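Please open the model in a viewer and keep the selection panel at hand. The tour proceeds stop by stop, with a selection to make at each one.

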Amino acid sequence: MSLSLRMRRNGLKDSARTVAVKRILALACCFLCGAFAWAQIGYKPAENADEKKTILLKDFHPQPMVHLPEHEVKRAKFPVIDVHTHTNDAMEIGDRVDPAELVAMMDRDNIKTIVVLTGLWGEKLQGVINRMVKPYPGRFMVFTQLDWSKIDDPNFSQLMVQQIDDSVRRGARGLKILKELGLGVKDKTGRLIAVDDSKLDPVWEECGRLGIPVFMHVADPEAFFRPIDANNERYEELIEHPDWSFYGPQFPTMQDLLAQRDRMFAKHPRTKFVALHFGSWPENLDFVEQTLQTFPNVMIEFGAREGELGRQPRRTRELFLKYPDRIMFGTDEGAKEAMYQNYFRWLETSDDYFPYAQYPAQGRWMIYGLGLPDDVLEKVYHKNAEALFAEFKGVKMAEGGK
């Protein structure tokens with residue numbers, strides 16, 4: 001064999017060896033890289049993990065990764081009476097909205113009537129009636145309130161009865177009691193006026209005589225009666241509103257307040273009371289059910305408590321089905337269209353894990369739809385409120401008729 005042929009054959013062999021060696025090296029590199037990467041996946045927390053947890057709570061906005069059906073409800077299935085609002089009220093608690101624009105939104109969303117609870121009395125009450133009630137018959141209703149500045153007057157009871165009578169003659173159709181009773185109203189000695197104070201007995205009796213309901217906000221969320229610390233689920237809300245905290249010896253306990261209220265309910269069986277915010281203790285639905293069982297003259301509504309009720313949907317739904325004639329629709333959250341549609345979704349659908357209307361203001365949790373049957377839904381939306389307001393005995397009673 002010639003020298004040149006042998007050289008060519010050896011060159012081919014060398015080339016084949018080179019390719020093989022390169023392949024082996026490449027595989028080795030892949031193995032080593034894989035092993036290196038595998039070595040980075042550990043099962044113990046990083047030593048400095050706590051030091052890296054520096055995001056402020058207000059900046060933490062996790063996006064849920066769960067994939068779930070979403071059902072928008074832009075218009076309520078049945079006409080709605082919202083029994084708990086403060087829109088365009090005399091105390092200026094609620095939103096300021098042009099009444100014509102508000103009515104247009106109500107028409108879109110199938111909202112029949114909005115009840116403005118904080119109407120005060122006298123000329124301020126008249127102002128709400130003139131702006132809201134008279135120009136839009138059937139679309140708005142207004143309640144009156146008590147003048148606590150007269151609490152030390154020896155004739156306080158009679159003065160308040162006369163004030164209620166005047167308010168009814170003007171057009172008020174109920175009495176609203178804010179949580180200041182029991183937590184803020186004091187006499188000249190500095191004593192807090194209890195919810196069941198005997199000075200108020202003639203007031204409750206007069207409301208029963210006139211056939212107007214008393215809407216009562218007694219106490220507040222349970223967390224408001226606990227220390228504002230890392231264990232409080234409403235920490236962010238209370239940091240933003242420290243005056244909403246009722247923790248400390250200067251305040252009665254939540255249980256004491258509700259006991260005062262219940263004694264008053266029992267003492268005035270002929271008066272219709274509405275225990276606002278789902279009976280004032282939506283965190284404890286056994287207590288709410290006991291209230292409904294014990295006091296046939298009491299109804300409830302769920303204003304600003306969608307978040308509380310929506311995180312315990314099975315127990316909440318059970319209560320709606322058991323007491324379909326005692327629960328009314330209320331929001332207490334302004335006049336935003338998106339808010340109303342959120343409430344409709346909560347009541348009408350069985351959607352899982354979506355934000356409540358105020359999220360995350362009250363707490364960092366999601367809610368679940370109740371999927372109420374039509375017969376219950378219609379009662380909650382408007383029939384129960386219509387039945388309650390139908391008990392009104394007329395202006396003649398406020399003028400001294402019998």
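The stops below move from the whole chain to its strands, then to single residues and a surface patch.

This is a predicted model, in which local features need pLDDT of at least 70 and side-chain atom pairs count only at pLDDT 80 or more, while totals for chains, interfaces and linings use all residues. Residues are numbered from 1 along each chain as its sequence is written, and side-chain values use heavy atoms, with hydrogens and water left out.

**The whole chain**

Begin with the C-alpha trace of the chain, which spans about 135 × 50 × 40 Å along its principal axes. The radius of gyration of the chain is 32 Å, whereas a compact globule of 402 residues would have a value near 21 Å. That radius is taken over C-alpha atoms, and the globule rule is 2.2 Å times the number of residues to the power 0.38.

Next, colour by secondary structure: the chain has 16 helices and 8 strands. Helices (H or I, at least four residues) and strands (E, at least two) are DSSP runs, numbered from the N terminus. Of the 402 residues, 48% count as buried. Buried means under 20% relative accessible area, exposed over 50%, and partly exposed in between (1.4 Å probe, protein chains only).

**Strands 1, 2 and 3**

Select strand 1 (80–85), and add helix 3 (residues 99–109) and strand 2; together these three elements make a right-handed β-α-β unit. Right-handed here means that, with the strands pointing away from the viewer, the path from the first strand over the helix to the second runs clockwise.

How many bridges join strand 1 to strand 2? There are 4, and the two strands run parallel. Two strands are said to pair if DSSP finds at least two bridges between them. To see the register, show Asp82, which stands opposite Ile114 in strand 2, and Thr85, which stands opposite Val116.

Now examine the cover around these strands. In strand 1, 6 of its 6 residues are buried. Strand 2 (residues 111–116) has 5 of its 6 residues buried, so this strand is largely enclosed by the rest of the structure.

Extend the selection to strand 3 (residues 140–142), which pairs with strand 2 in the parallel sense over 3 bridges. Val115 has Met141 of strand 3 as its bridge partner. Continue to Phe143, in the loop between strand 3 and helix 5 (156–170). Phe143 is buried, with a relative accessible area of 0%. A distance drawn from the C-alpha atom of Phe143 to that of Lys322, 179 residues apart along the chain, gives 29 Å.

**The sheet of strands 4 to 8**

Select strands 4, 5, 6, 7 and 8: these 5 strands form an open sheet in the order 4-5-6-7-8, with parallel pairing. Strand 4 (175–177) and strand 8 (327–328) stand at the edges, each with a single partner strand, so one side of each is left without a neighbour in the sheet.

Within this sheet, strand 5 (residues 214–216) pairs with strand 6 (residues 273–275) over 3 bridges in the parallel sense. Display Phe215, which stands opposite Val274 in strand 6.

**Backbone details**

Select Phe278 in helix 10 (residues 276–279). Phi of Phe278 is near 55°, a positive value in a residue other than glycine. Is Phe278 buried or exposed? Phe278 is buried, with a relative accessible area of 0%.

Move to Ala304, in the loop between strand 7 (298–301) and helix 12 (306–310). Ala304 also is not a glycine, and its phi is positive at about 60°. With 5% relative accessibility, Ala304 counts as buried.

Then find Pro360, in the loop between helix 14 (337–348) and helix 15 (374–389). A cis peptide bond joins Tyr359 and Pro360, with omega at about -5°.

**A nonpolar surface patch**

Finally, display the surface and select Ile55, Leu57, Phe60, Ile228, Tyr235 and Ile239, which make a nonpolar patch of about 560 Å². Patches are made of residues with over 30% relative accessible area and no salt bridge; like charges are joined within 9 Å and nonpolar side chains (Val, Leu, Ile, Met, Phe, Trp, Tyr) within 5 Å. A salt bridge is a side-chain nitrogen of Lys or Arg within 4 Å of a carboxyl oxygen of Asp or Glu. Accessible areas come from the Shrake-Rupley method with a 1.4 Å probe, and for residues only the protein chains shown count as cover.

End at Leu57, in the loop between helix 2 (49–52) and strand 1. Leu57 is partly exposed, with a relative accessible area of 42%.
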